[in-house]
Amino acid sequence: MKSLSELREEIDRIDREILALLNRRARLAQEVGEIKKKKGLPFYVPGREAKILSKLEEINQGPLPPESIRAIFREIISACRALEEPTKVAFLGPQATFTHLAALKHFGTSSDLRPMDSIQEVFDEVEKGRVDYGVVPIENSIEGIVNYTIDMFLDTDLKISGEIFVSVNLHLMSKEAELSKVKKVYSHRHAIAQARKWLSENLPKIEVEEVSSTAKAAELASREPGTAAIASEAAALLYDLNILAKNIQELSKNFTRFLVIGKTDSEFPSGRDKTSVMFSTKHVAGALFKALQPFAVYDVNLSKIESRPTKKKPWEYVFFVDIEGHRKEDRVAKALEELKETCSFFKILGSYPAGFKE
Ligand SMILES: C=C(O[C@@H]1C=C(C(=O)O)C=C[C@H]1O)C(=O)O
């Protein structure tokens with residue numbers, strides 16, 4: 001068996017090799033950047049990045065688990081991209097919200113991440129070209145759709161270029177060191193709903209106040225003695241709070257799904273893509289059935305359907321549908337073409353690499 005010092009020497013040697021390889025990779029990415037600049041192509045190619053990650057996952061033999069491989073390579077890619085220019089990303093702030101975690105998970109720490117006060121502001125920043133992309137929440141696995149985000153697509157021409165899943169682990173945190181000192185709890189509406197059972201069992205008579213985000217709740221709890229927040233671990237770190245109870249959400253498997261919005265979708269198919277469309281049907285019997293039939297005919301799996309009021313005329317609806325596959329794949333293209341023919345309104349919101357649910 002090798003001694004401790006021998007093992008450490010070998011690790012140091014390997015680290016030097018990794019460093020040299022990382023810089024070789026970075027120089028190649030810079031060359032790619034030069035070519036893209038000359039051709040006027042966007043530097044960020046989400047489909048290519050997703051393909052790199054899934055290929056590495058495929059060949060990985062461990063012991064590192066796939067989520068570690070993805071996290072490490074996300075950072076490598078983020079750093080390589082930043083050599084050209086850090087990708088500018090607006091997200092629903094403040095710092096340490098779950099949307100911030102989603103943006104970090106997708107774009108890496110070498111990106112220029114900018115917190116915004118509202119979902120509307122994230123859309124505005126992208127539309128005005130002040131940032132390259134935006135990250136907004138779209139649905140939670142327990143609470144369902146984020147109406148505000150989905151309705152924004154009625155009024156914008158922005159496209160979807162990515163999706164991100166973040167597992168929501170909610171903790172009760174406070175400046176206080178004991179639960180008995182907590183007299184009031186702050187959090188976001190969704191987080192309060194997800195922790196309702198725990199609250200009624202453990203803090204039954206306590207005032208609970210809704211605020212705009214879990215991070216805002218943590219900030220308030222850091223300033224007001226006798227209060228606590230339900231928020232993420234990142235918020236506890238940022239605001240230096242004690243975690244008094246861990247994982248107080250009702251279901252241990254609780255995810256929020258986020259969308260990346262931009263001026264274009266992800267044109268480059270990654271091999272594991274989704275496509276989102278919105279449409280309205282004519283007011284005739286069987287219209288929705290006819291609209292969705294092409295998906296069955298061309299064997300295209302539908303992963304979500306949501307209907308929302310158009311807000312123009314009462315009782316008129318627009319449907320939002322997510323399907324598996326890229327709009328450039330033959331069967332998807334055919335199904336979408338046929339769907340379009342049956343609709344009074346139809347728009348492709350974008351094709352993008354499917355997010356990883358870890
Ligand atoms: C290097 C490229 O440009 C960017 C950086 C990538 C990387 O570092 O791997 C991948 C895709 C692009 O977002 C490329 O397109 O290959």
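In this predicted model, helix H2 and helix H3 cross in the right-handed sense, packing at an angle of about 145 degrees with their axes 10 Å apart. On the H2 side the contact is made by Glu49, Ile52, Leu53, Leu56 and Glu57, which meet Pro66, Ile69, Arg70, Phe73 and Ile77 of H3. By residue class, this contact of H2 with H3 comprises seven nonpolar residues and three charged ones, with no polar residue among them.

The ligand brings us back to these helices. Its surroundings consist of Ala29, Val32, Phe43, Tyr44, Val45, Arg48, Glu49, Ile52, Ile77, Cys80 and Arg81, and the elements that supply two or more residues to this shell are helix H1 (4-39), H2 (46-59) and H3 (66-84). The shell divides into eight nonpolar and three charged residues, again without a polar one.

Further along the chain lies a sheet. Its four strands form an open arrangement in the order S13-S14-S12-S15, paired in the antiparallel sense. Strands S13 (302-309) and S15 (343-353) each have a single partner strand, so they stand at the edges and one side of each lacks a neighbour in the sheet. On average, and with direction ignored, neighbouring strands of this sheet are turned by 15 degrees against each other.

The antiparallel pairing of S13 with S14 (residues 317-324) runs over seven bridges, and here Pro309 has Tyr317 of S14 as its bridge partner. Helix H12 (residues 330-342) packs on the sheet, where it touches S12 (273-281), S14 and S15, and the direction of H12 makes about 155 degrees with that of S15.

Definitions and conventions: Residues numbered from 1 in each chain as written. Predicted model: local features only at pLDDT ≥ 70, side-chain atom pairs only at ≥ 80, totals over all residues. Pairing = 2+ DSSP bridges. Axes fitted to C-alpha atoms, helices over the stretch in contact; angles between N-to-C directions. Contact = placed C-beta atoms within 7 Å. Near = placed C-beta within 6 Å. Nonpolar A, V, L, I, M, F, W, Y, C, P; charged D, E, K, R; others polar. Left-handed = near helix turned anticlockwise from the far one by under 90°.
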